[in-house]
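Let's take a walk through this model together, starting from one small detail and working outward to the whole chain.

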Amino acid sequence: MSAIALLFLVLGLGLIGWLTARVRATRFRAGSTVRFSSLPGHHGWFVALWTAIPPLIFLVVWSMTAPALVTDTVLATPAAMQLPPPGFDRASILSEARSLAEGRSFGAFHGLARTLAPSYAAAQTRYDWIATALALLLAFAGGAFAFTRVKPGFGARTQVERVVMLMLLGASLIAILTTVGIVASLLYESARFFSVVPITDFLFGTHWSPQVIDGRDPGASLGAVPLFWGTFFIGAVIAMIVAIPFGLMSAIYLTQYAAPTTRKWMKPILEMLAGVPTVVYGYFAALTVAPAVRDFAVSIGISWASSESALAAGLVMGIMIIPFVSSMADDSIAAVPSSMRDGSLAMGATSSETIRRVLLPAALPGVVGGVLLAVSRAIGETMIVVMAASGVATLTLNPFASTTTVTKQIVDLLTGEAEFDSPKTLAAFALGLTLFVVTLLLNIVALRVVKRYREAYE
């Protein structure tokens, strides 16, 4: 029986257990004046959970162990004696045989794979029936045990709520453990990199050329300062020059000048920019903005301007970040007590003077927090710089020149046919760890600033 069919069968048994337990609980409640601690639905869910959860846990564990059991069974057959030793296309032959047995392919490069396919199919069928029998046995045993507990004095509600709490705890732990796993992976691979390349050469070196690495001194070609500068120049300078003025001015207009009907349809349109996929921004930067920037540079006498300039990537990234700045500035300005605005207007100040001298200074911490969050978003952007920025690592202040970023280099280093344990590939993890630490610190500072500002007016 296939895994999908077995899954539906187990869930069907759980549904049957829910119905039978609910009917039984309804019967012993009928005509009784005793106050029960659990509703019939609680008893139904108690039996359903006991019917479905044990076999589902078993199936998850079985799915991880069954492939190895099937392979061991196939290797014990006489046909497997013709297999080459491990490391000599043995894994590819077994993989082709498994694909043929499961019907995922209809031909094989190795003739031995066609010979082993029937053995694979027979072993797979055998273990599928074993899994089906054990799963059904667990379902019936769990359902029967739970059904015997359905009595008037049984606290099914407490048991069900306890299971639900454990499930919610498990769901929350998944996110935490995923984050821990990502950080642990970055730390481990970065430690391997720094065991080959001195950390000072990486953090303070000014020459980045991972394609040509000297085996005696790999740190000489893996200095990341040009990457840090390119990331800062594109994401924190050019992009913010675009995002901060437009985002702040749009927030001021929407909160202070726009009519309610205008704000009602204009604010969602502005926030739609945040929902546009970044690959669309990347295409827009590479196919529209980059040629336009180069043509403009040539028209003003800069003939050597690059079509992969920092200005092109930074402009589009700034457009993408406008909703972040605008939303945070909007919330910060709206959170300023209306008494401050009314008092300024009552003293004879104009609307523009009130905005410049009262509202913006009062909302400044929130605006700064929003800008820091936008910067952390910008320096971690990938698709725009992959499609519009250059791969050349340079230290330059010229926005029309080529430059690269950390995220662009991570993509370049992890694509291709380089060895995974080479300094070139491991450098991607060191760059990722550096980027993770920087964005984490920016987020912490920004959230603390915003939290302190909000507490001041609550």
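Begin at Thr396, where a polar atom of the side chain lies 3.0 Å from the backbone nitrogen of Asn398. Bear in mind that the model is a predicted one. Thr396 sits in the loop between α13 (383-388) and α14. Is Thr396 buried or exposed? Its relative accessible area is 17%, and because buried means under 20%, Thr396 falls on the buried side. Setting aside neighbours within four places in sequence, Thr396 is in contact with Trp229, Phe233, Ala401 and Ser402.

From that loop, move on to helix α14, which spans residues 406-414 and holds Gln409. With a relative accessibility of 3%, Gln409 counts as buried. What does the side chain of Gln409 pair with? A polar contact of 2.9 Å links it to the side chain of Trp208. Trp208 also appears among the residues that Gln409 touches, once those up to four places away in sequence are left out; the others are Pro210, Leu227, Gly391, Thr404 and Leu431.

A third stop is helix α10, made of residues 310-335, where you will find Leu311. Leu311 is another residue to look for in the interior: its relative accessibility is 18%, so it counts as buried. Beyond its neighbours within four places in sequence, Leu311 is in contact with Ile238, Val293, Pro399 and Phe400. You can also compare the position of Leu311 with that of Val237: the two are 74 residues apart along the chain, and their C-alpha atoms are separated by 10.0 Å.

Now zoom out to the protein as a whole. It has 15 helices and 0 strands. Its radius of gyration is 32 Å, well over the 23 Å that the globule rule gives for 458 residues, so the protein is more spread out than a compact globule. Along the principal axes, the C-alpha atoms fill a box of roughly 80 × 75 × 40 Å.

How do contacts and burial look at this scale? Among contacts with a separation of 6 or more, 69% are between residues 24 or more positions apart. Of the 458 residues, 38% count as buried.

Finally, turn to the surface and the charges. The protein exposes about 24,700 Å², with carbon and sulfur atoms supplying 69% of that area. There are 30 positive and 24 negative charges, and the mean positions of these two sets are 16 Å apart.

Terms used:
Residues numbered from 1 in each chain as written. Predicted model: local features only at pLDDT ≥ 70, side-chain atom pairs only at ≥ 80, totals over all residues. Heavy atoms only, no water. Helix = DSSP H or I, 4+ residues; strand = E, 2+ residues; numbered from the N terminus. Buried < 20%, exposed > 50% of the residue type's maximum accessible area, 1.4 Å probe, protein only. Polar contact = N/O pair within 3.5 Å; in protein donor to acceptor, adjacent residues only side chain to side chain. Contact = heavy atoms within 4.5 Å. Rg over C-alpha atoms; globule rule 2.2 N^0.38 Å. Areas by Shrake-Rupley, 256 points an atom, 1.4 Å probe, with all protein chains shown as cover. Lys, Arg positive; Asp, Glu negative; His and termini not counted. Charge placed at Lys NZ, Arg CZ, Asp CG, Glu CD.
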